[in-house]
Amino acid sequence: MQITHDEQQTLAPFQWIKKPAVDGPPAQRDPKVVERVSQMLKEIENKGMDAVRAYGRELDGWSGDLEIGSAELKKSGDALPADVRTALEMGYERTHRFASAQRDHLTDFEIEVAPGVAGGQRYVPVSRVGAYLPAGRFPLLASAFMTVGVAKTAGVPTVVACTPPSGEHGAHPAVLYGAHLSRADRVFAVGGVQALGAMAFGLLGEAPVDMLVGAGNAFVTEAKRQLFGRVGIDLLAGPSEVAVLADDTADPVWVAADLLGQAEHGPNSPAALITTSEKLGRAVAAEMDRQLETLPTRDIAGPAWRDFGSVVVVRDREQAVAVADILGPEHLEIQTAQDDYYLRNLTNYGSLFIGPWSTVAYSDKGIAGTNHVLPTGKTARYNAGLSVSRFLKPLTYQRTAKEGTAALAPAVERISAFEGLAAHGATATIRIDRIGRASGAFDAVPEALREQL
């Protein structure tokens, strides 16, 4: 959702109370990142686990066991405060419930497309998924629910998880407990690029995964980009983003708090306010400065707001929708007197949070049930967040009876002849000949085709 110079020109007719100070490519496009990841993946593919362990020692300071045993996983929750453990269990249950509802609404079907001709579709899960569970300065404890848990709800037989090594448990205990709740089949203390390479190349005592999922830093995202094609991926997530669309009924204190709630993800996390009220826009800008004075994470959220924050005033709700769809934010909150209008008309966002009582953090922690692995960098124009459907292949099939040949073969024979693809046409011709072209079965075909068209 970073607002480029060109987009600022597009949005120039609107009133800007605050413009972003930085105009440049996201960190994932840094040539140094691209080069470093390429070199690492090549070495991991060539040298296998020797390279994985060497990078673990170099980058994570870890030389212990890589796999977290099942017994260790089960007791990981014992290291957590009781209220944190309960909250994690609640988050898993609600995320699982929402994902289960998604799965229930994806149904197999078969229809008759012509007499004697049936077409159908089955939803079949991918076989193996590798999930990356970040655990940096701020471990995202709900990540396992959104990746491992949703994959298992989709029916994926094998889900392997990797998380950066740390501490006496081999990894962050809350992250491990999340993986345990989410029914990960195996969990490894491997971080960063080496984790994704190990899962994609099949170096962890498992076959190569079919798909890689999960958020991470610029290096993790670049590794997914370079591995795409060899494996599937969920999406290329950049810095976390938030936009609030608000009118004069919104509370500036709440709006500012919600903007800062995502800005603290990182110093390059964009936060934007789109408003039909200049008074609210100025009040929120002032409130951001006030709240930053005492915010414990102001060293992160402050630079994010200074460099990537924006406040734009629009004339009416139609302009508000237009600006929001240009930004296409990862998270979009609506705090207006006309929330239903915006729900009906907005099209480009990762996930929508409707009304002042819906804050992004509820989803981030898994408590609201919806997935927090979402498109960033304006990719919401053509992409959606992670869900059960991403782990399911909608496989089609066709079933044609002898009596259905008349509805298909003559048209295929004609089209193939026009294209000059003789072998294509022959597959239809041999079936026509088997029935017998003079049998009368094909007499009404041209009329029937015209009627169907």
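Strands, as the term is used in these legends, are DSSP runs of E of at least two residues, numbered from the N terminus. The views below are all taken from a predicted model.

**View 1. Surroundings of His-331 in strand β13.** His-331 has its place in strand β13, which comprises residues 331-335. With a relative accessible area of 1%, His-331 falls under the 20% limit and is therefore classed as buried. The side chain of His-331 reaches the backbone oxygen of Glu-241 at a distance of 2.6 Å. When neighbours within four places in sequence are left aside, the residues in contact with His-331 include Ser-240, Glu-241, Val-242 and Ala-243, together with Gln-262, Ser-351, Phe-353, Val-360, Asp-364 and Leu-374.

**View 2. Thr-336 in the loop that follows β13.** Thr-336 is found in the loop between β13 and α14, the latter spanning 339-345, and at 10% relative accessibility Thr-336 counts as buried. Two polar contacts of its side chain are shown: one reaches the backbone nitrogen of Gln-338 at 3.0 Å, and another joins the side chain of Asp-339 at 2.6 Å. Apart from neighbours within four places in sequence, Thr-336 is in contact with Leu-245, Ala-246, Asp-247, Thr-249 and Tyr-342.

**View 3. The aromatic pair of Tyr-92 and Phe-145.** The structure holds three aromatic pairs. In the pair shown here, the ring centres of Tyr-92 and Phe-145 lie 6.1 Å apart and the planes meet at 65°, so the arrangement is edge-to-face. The pair links distant parts of the chain, since Tyr-92 belongs to helix α5 (residues 82-104) and Phe-145 to helix α6 (residues 143-154), with their positions 53 residues apart in sequence. Tyr-92 counts as buried at 15% relative accessibility, and Phe-145 likewise counts as buried, at 1%.

**View 4. The aromatic pair of Tyr-341 and Tyr-342.** Tyr-341 and Tyr-342 form an edge-to-face aromatic pair, with 5.3 Å from centre to centre and 80° between the planes. Tyr-341 counts as buried at 11% relative accessibility, and Tyr-342 counts as buried at 3%. Tyr-342 also appears among the contacts of Thr-336.

**View 5. A nonpolar surface patch that includes Phe-109.** Phe-109, Ile-111 and Val-113 form a nonpolar patch on the surface, and together they have about 270 Å² of accessible area. Phe-109 lies in strand β3, which covers residues 109-114. At 38% relative accessibility, Phe-109 counts as partly exposed, because that class lies between the 20% limit for buried residues and the 50% limit for exposed ones.

Definitions and conventions
Residues numbered from 1 in each chain as written. Predicted model: local features only at pLDDT ≥ 70, side-chain atom pairs only at ≥ 80, totals over all residues. Heavy atoms only, no water. Patch = residues over 30% accessible without salt bridge, like charges linked within 9 Å, V, L, I, M, F, W, Y side chains within 5 Å. Areas by Shrake-Rupley, 256 points an atom, 1.4 Å probe, with all protein chains shown as cover. Salt bridge = Lys/Arg side-chain N within 4 Å of Asp/Glu carboxyl O. Helix = DSSP H or I, 4+ residues; strand = E, 2+ residues; numbered from the N terminus. Buried < 20%, exposed > 50% of the residue type's maximum accessible area, 1.4 Å probe, protein only. Polar contact = N/O pair within 3.5 Å; in protein donor to acceptor, adjacent residues only side chain to side chain. Contact = heavy atoms within 4.5 Å. Phe/Tyr/Trp six-rings, centres within 6.5 Å; stacked < 30°, edge-to-face > 60°.
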